[in-house]
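Trainee: I have a model open and would like to learn how to read its salt bridges. Could you walk me through it?

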Amino acid sequence: MDAAFAELGEKGYGGLSIEAVALRSGVAKTTVYRRWPTRDELVADALDSRSDRYEPIPETGSLRGDLAEFCEGVRAKLTSNHGKAMLKSLVAAVDQSPEIVETVQRFWRERRDVGGYLVERWIRRGVLRPETDADLLVEVLLAPIYLRVLLPGGPLSGDVLEGFIDLALHGVLEDVVPGVTITDQSSATASDTARVDRMGRANTT
């Protein structure tokens, strides 16, 4: 698997060959072919070995902490030695090989499932609105991370990830008043005051 990812990182999906993987891993190519008769099967297994279903689900005790840990895990994977090249290779593979589309879709599905579980946990606890679309919120969080890896447009520090979380949560936190930015729990009082003030103005006009 490490050899396959190394080859993907250096040559991309189009340049990947079982022969090169065998040479890099120090085994005969027949050994590789016995287990993975085609390049797509090898790539599919390599991708599956990085599946999020093997990752522990964050449980920090807070919504923001859980999401921060989740986003940091995604960032760490994508910015690892071969993560960026692997991501670009997979984008190319979807266009070049219809056979691998299902594997790629399963990979994304499992990544969204981990984040979706976190979102649904905090919906049940009353922190997020009941109508919150878990998949959509997770995609809103992940999209800028993937974008910055695929098309470098700035840093991906912890502060940047926190900014993504703040922006995404603004529309789904239960105590948010439209037009009022909630940055932390201590701002809830200001939110309530703004709501009462707006209602008072509405009743006098």
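Mentor: Happily! Let's start with one pair: the side chains of Arg-121 and Glu-59 form a salt bridge, at 3.6 Å from N to O. The term stands for a side-chain nitrogen of Lys or Arg within 4 Å of a carboxyl oxygen of Asp or Glu.

Trainee: Which parts of the chain does the pair of Arg-121 and Glu-59 tie together?

Mentor: Arg-121 belongs to helix α7 (residues 101-124), while Glu-59 sits in the loop between α4 (39-48) and α5 (63-78), so the bridge joins parts 62 residues apart in sequence. Helices (H or I, at least four residues) and strands (E, at least two) are DSSP runs, numbered from the N terminus.

Trainee: Is Arg-121 buried or exposed?

Mentor: Buried means under 20% relative accessible area, exposed means over 50%, and partly exposed is what lies in between, with a 1.4 Å probe and protein chains only. Arg-121 is buried at 6%, whereas its partner Glu-59 is partly exposed at 46%.

Trainee: Before we go on, what kind of model is this?

Mentor: It is a predicted model, where local features need pLDDT of at least 70 and side-chain atom pairs count only at pLDDT 80 or more, while totals for chains, interfaces and linings use all residues. Residues are numbered from 1 along each chain as its sequence is written, and side-chain values use heavy atoms, with hydrogens and water left out.

Trainee: How many salt bridges does the count come to?

Mentor: The count is 11 salt bridges. One of them pairs Arg-64 with Asp-166, whose closest N and O atoms are 2.3 Å apart. Arg-64 lies in helix α5 and Asp-166 in helix α9 (residues 158-169), so this bridge ties together parts 102 residues apart in sequence. Arg-64 is partly exposed at 24% relative accessibility, and Asp-166 is partly exposed at 33%.

Trainee: Which residues are linked with Glu-10 in a network of salt bridges?

Mentor: The network links Glu-7, Glu-10, Lys-11 and Arg-24. Within it, the side chains of Glu-10 and Arg-24 meet at 2.7 Å, N to O. Glu-10 is in helix α1 (residues 2-15) and Arg-24 in helix α2 (residues 18-25), so the pair connects parts 14 residues apart in sequence. Glu-10 counts as exposed at 55%, and Arg-24 as partly exposed at 38%.

Trainee: Now the wider view: how many helices and strands are there in the chain?

Mentor: The chain has 10 helices and zero strands. Of its 205 residues, 39% count as buried. For contacts, meaning heavy atoms within 4.5 Å, look at those with a separation of 6 or more: residues 24 or more positions apart account for 61% of them.

Trainee: What does Met-1 touch, beyond residues up to four places away in sequence?

Mentor: Met-1 touches Trp-36, Leu-42, Asp-45, Ala-46 and Ser-49. Met-1 lies in the segment before α1, and its C-alpha is 7.9 Å from that of Asp-45, a residue 44 positions away in sequence.

Trainee: Where is confidence lowest in the chain?

Mentor: pLDDT is the predictor's confidence in each residue, from 0 to 100. Helix α10 (residues 188-203) has the lowest mean, 45, and α2 the highest, 93. Over residues 178-205, pLDDT stays under 50. Where pLDDT is low, the predicted coordinates should not be read in detail. For the chain, the mean is 79, and 82% of the residues reach 70 or more.
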